[in-house]
Amino acid sequence: MSEERKTASVIAPPPIIVLLLLLAGLELDRIWPAPFLDDTVQYVLGAVFIVPAIGLALWAVRCFGHKKTAVEPWHPSTALVTEGPYKHTRNPMYLAMVTLFLGLGFALDTLWLLAVWQVLVATLHWGVIRREERYLEGLFGEDYRAFCRQVRRWL
C-alpha cells in the first residue's frame with residue numbers, strides 16, 4: 001500500500017470542516033441576521049435534531065471502540081465496523097455531524113446555517129466520505145463491497 005493510502009487521505013479532519021463552516025455561518029448571521037423561527041419553535045426544533053445527533057455519534061464511536069480501530073479518518077483503519085448504527089448507515093458519524101449542524105441552525109435561529117449546511121454535506125461527501133470509501137475498499141476488498149451493497153451511504 002502506498003504511503004498516502006495508509007489512511008483515507010481526507011481533505012481535512014471532519015470536526016474542523018464542521019467548525020469552520022459553523023463559524024462561517026455564524027459570521028454571515030452576524031453581518032446579515034436571518035432569523036426565521038419563533039422562540040419556542042427554535043428551541044424545540046433544535047433539540048429534536050441535536051439530541052439524537054449526539055446519541056448517534058456516541059453510539060458510533062462506541063462501536064469503533066469495540067473493534068479497537070481508529071475513529072479518526074486520518075489514522076489507519078484496522079477493522080471494518082458493521083455493527084450498531086452501521087447496520088443502517090455507512091456513515092453514522094457524518095450523519096450525526098450534519099444533523100447536529102442543522103439542529104444548531106434551528107436552535108440559533110439562523111437561515112445562514114441552513115444554507116451553509118448544504119456546503120457541509122457536499123464537502124463531507126466529496127472531500128471525506130468518497131475518499132474513505134476508496135480507502136476502505138482497497139483495504140477490506142470484498143467485505144467492504146458487500147457492506148456497501150447491504151447498507152446505504154447516508155440513510
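This text walks through the largest pocket of a predicted model, then one residue in its lining, then the salt bridges.

Start with the pocket. The largest pocket holds about 450 Å³ of space. Helix 1 (14-31), helix 3 (92-107), helix 4 (111-140) and helix 5 (142-150) are the elements that each give two or more residues to its lining. Helix 4 supplies the largest share, five residues. The lining counts 29 residues. Phe64, Val71, Met93, Tyr94 and Glu132 lie nearest the pocket centre. By residue class, the lining divides into 21 nonpolar, four polar and four charged.

Now take Glu132, one of the residues nearest the centre of the largest pocket. Glu132 sits in helix 4, the element with the largest share of the lining. Is there a partner of opposite charge for this buried residue, and how far away is the nearest such side chain? Glu132 has no salt bridge. The nearest side chain of opposite charge belongs to Arg90, 8.9 Å away. A salt bridge needs a side-chain nitrogen within 4 Å of a carboxyl oxygen, so Arg90 does not serve as a partner for Glu132. What does Glu132 touch beyond its neighbours within four places in sequence? Its contacts there are Ala8, Val10, Pro73, Asn91 and Tyr94. Tyr94 is also among the residues nearest the pocket centre.

Turn to the pairs that do form. The model has eight salt bridges. One of them joins the side chains of Lys67 and Glu83, at 3.8 Å from N to O. This pair links distant parts of the chain, 16 residues apart. Lys67 belongs to helix 2 (residues 39-67), while Glu83 lies in the loop between helix 2 and helix 3. Lys67 is partly exposed, with 33% relative accessibility. Glu83 is partly exposed as well, with a relative accessible area of 33%.

Arg145 takes part in two of the bridges described here. Its side chain meets that of Glu137 at 3.2 Å, N to O. Arg145 also pairs with Glu142, where the closest N and O atoms are 3.2 Å apart. Arg145 and Glu142 both lie in helix 5, three residues apart, or about one turn of the helix. Elsewhere, salt bridges that share partners join Arg90, Arg130, Glu133 and Arg153 into one network. Back at the Arg145 pairs, how exposed are the partners? Arg145 is partly exposed at 32% relative accessibility. Glu137 is partly exposed at 34%, and Glu142 is partly exposed at 39%.

Key:
Residues numbered from 1 in each chain as written. Predicted model: local features only at pLDDT ≥ 70, side-chain atom pairs only at ≥ 80, totals over all residues. Heavy atoms only, no water. 1 Å grid on protein atoms, 1.4 Å probe; cavity = no way out; pocket = protein on both sides within 12 Å on 5 of 7 lines; lining within 4 Å. Points joined across faces, edges and corners; volume = space filled by probe spheres on them. Helix = DSSP H or I, 4+ residues; strand = E, 2+ residues; numbered from the N terminus. Nonpolar A, V, L, I, M, F, W, Y, C, P; charged D, E, K, R; others polar. Buried < 20%, exposed > 50% of the residue type's maximum accessible area, 1.4 Å probe, protein only. Lys, Arg positive; Asp, Glu negative; His and termini not counted. Contact = heavy atoms within 4.5 Å.
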